[in-house]
Amino acid sequence: MKTRPFQQVDVFTAVPYRGNPVAVVLDGSELDDSELQRFAQWTNLSETTFLLPPTEPTADYRIRIFTPGGELPFAGHPTLGTCHAWLKAGGQPKSPEFIIQECASGLVTIRRDGERLAFAAPPLKRSAPSPSMLAKVAQAMGLKAPQILAAQQLDNGPNWLGLLLDDVDTVLALTPDHRALKELGAKVGVAAISQPPASSSLIARSNREARAFGGSAQGTVDLEVRAFAAPAGIEEDPVTGSFNAGLAQWLIAEGRMPERYRVGQGQCLGRDGRLSVARDAEGRIWIGGDSVVCIEGSVSL
């Protein structure tokens, strides 16, 4: 075994322990796939990443991303958390404007705004799910057909079935059958558009409005999201960059969401994740948020 520098970074939060943690091994050299997978299972986090020298000449570094159940070609919160850890450890990007990360799905562009980072959403393959699959997923989720306003299969490395639901209450009340979702091989993300409160009176607000617009140190949200990934070994992911990237490309393209909005995710797990979504003049979607280091030291691997 070798002593390797390590950080655990909380992503999509400015408040430690309220976002989605990623374990970052800053030197993943000389480790085989079984060792990488074993350590990811041991951390029991939604993702663990391993930094490696890039193979692409324009990349600043390369990462491999593992869930407890296997390797991912791309993932959002590990991208931002790993970049944050790399910069904190003294990483120097080749470009003054962007950081370029290499992963199994290709090159990902990351930009800095002070301490905040955002990644450019990778290319998305989008298609309608089959009616039979949608019906099986709806049953496993405990959803009735009128509660599903729209559905799309969203593939940007990870493959998510995205469901736009009728109400924030519906999103927050879900208690899926995770075993059924695992048997279906379905990673399912759900979202609902937050409606502005009808009255300024806190007493008059419904529980949904209070949850969506109050009680958070990180501000209000326009879209409430949850993500369920039983096939990857994670029943519910606290805050999910890859799903939100695909979701934004879908919802903005169809005019369901504006070009800039804020997402809330994680409150059913006691988290308070916040993501910013913005489409630039070139049409690129950027997914951003804060990151904070919660653990720093070394691991023996």
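## Buried contacts, helix 1 and enclosed spaces in a predicted model

Beyond its neighbours within four places in sequence, Asn156 is in contact with Phe74, Pro122, Pro123, Leu124, Ser242, Ala245 and Gly246. The model that shows these contacts is a predicted one. Asn156 sits in the loop between strand 10 (148–155) and strand 11 (159–165). With 4% relative accessibility, Asn156 counts as buried, because the cut-off for that class is under 20%. Among the contacts of Asn156, the one with Ser242 has a polar component: the side chain of Asn156 reaches the backbone oxygen of Ser242 at 3.0 Å.

A second asparagine, Asn244, belongs to helix 7, which spans residues 241–253. Asn244 is buried, its relative accessible area being 0%. When neighbours within four places in sequence are left aside, Asn244 is in contact with Val225, Val263, Gln265, Leu275 and Ile287. The side chains of Asn244 and Gln265 are joined by a polar contact of 3.1 Å. Asn244 and Ala227 are 17 residues apart along the chain, and their C-alpha atoms are separated by 9.4 Å.

Two further residues may be set beside these asparagines. His178 lies in helix 5 (residues 178–184) and is buried, with a relative accessible area of 18%. Leaving aside neighbours within four places in sequence, His178 is in contact with Phe228, Ala230 and Glu235. Ser127 is found in strand 9 (residues 125–127). At 37% relative accessibility, Ser127 counts as partly exposed, since this class lies between the limits of 20% and 50%. Not counting residues up to four places away in sequence, Ser127 touches Gln152 and Gln153. From C-alpha to C-alpha, Ser127 is 9.0 Å from Ala151, although the two are 24 residues apart in sequence.

Helix 1 is considered next. Which residues of helix 1 are buried? In this helix, residues 33–43, they are Leu36, Gln37, Phe39, Ala40 and Thr43. These buried residues lie on the same side of helix 1 because they cover an arc of only 165 degrees around the axis. An α-helix has 3.6 residues a turn, so residues three or four places apart point the same way. Arg38 and Trp42, on the other side of helix 1, are exposed. The cover over the buried residues of helix 1 includes strand 1 (3–11), strand 2 (20–25), strand 3 (48–52), strand 4 (61–67), strand 5 (70–72) and strand 18 (291–300).

Just after helix 1 comes Asn44, with a positive phi of about 60 degrees, although Asn44 is not a glycine. This residue is placed in the loop between helix 1 and strand 3. Asn44 counts as exposed, because its relative accessibility of 55% is over the 50% limit. Phe12 also departs from negative phi, with a value near 65 degrees in a residue other than glycine. The position of Phe12 is in the loop between strand 1 and strand 2, and at 0% relative accessibility Phe12 counts as buried.

The description now turns from residues to empty space. Rolling a probe the size of a water molecule over the atoms shows where empty space is left. The structure holds 1 cavity of 30 Å³ or more, and about 130 Å³ of space lies in the largest cavity. Of the 19 residues that line this cavity, Glu47, Leu72, Trp160, Asp237 and Thr240 are the closest to its centre. Helix 2 (76–88), strand 14 (234–237) and helix 7 (241–253) each supply at least two residues of the lining. Helix 2 gives the most, with 3 residues. By class, the lining of the largest cavity has 9 nonpolar, 7 polar and 3 charged residues.

The largest pocket has a volume of about 230 Å³. Its lining consists of 15 residues, of which Arg111, Arg116, Arg260, Ser276 and Ala278 are the closest to its centre. The elements that give two or more residues to this lining are strand 7 (106–113), strand 8 (116–120), strand 15 (260–265), strand 16 (273–279) and strand 17 (285–289). The lining of the largest pocket comprises 7 nonpolar, 2 polar and 6 charged residues.

Note on methods:
Residues are numbered from 1 along each chain as its sequence is written. This is a predicted model: local features need pLDDT of at least 70, side-chain atom pairs count only at pLDDT 80 or more; totals for chains, interfaces and linings use all residues. Side-chain values use heavy atoms; hydrogens and water are left out. On a 1 Å grid over the protein atoms alone, a cavity is a set of points where a 1.4 Å probe fits but cannot get out, and a pocket is an open set with protein on both sides within 12 Å along at least five of seven lines; lining residues have an atom within 4 Å of a point. Grid points are joined across faces, edges and corners, and a volume is the space filled by probe spheres set on the points. Helices (H or I, at least four residues) and strands (E, at least two) are DSSP runs, numbered from the N terminus. Ala, Val, Leu, Ile, Met, Phe, Trp, Tyr, Cys and Pro count as nonpolar, Asp, Glu, Lys and Arg as charged, and the others, Gly among them, as polar. Buried means under 20% relative accessible area, exposed over 50%, partly exposed in between (1.4 Å probe, protein chains only). The arc is that of the directions from the helix axis to the C-beta atoms. Contact means heavy atoms within 4.5 Å. A polar contact is a pair of N or O atoms within 3.5 Å; within protein, one must be able to donate a hydrogen and the other to accept it, and residues adjacent in sequence count only if both atoms are side-chain atoms.
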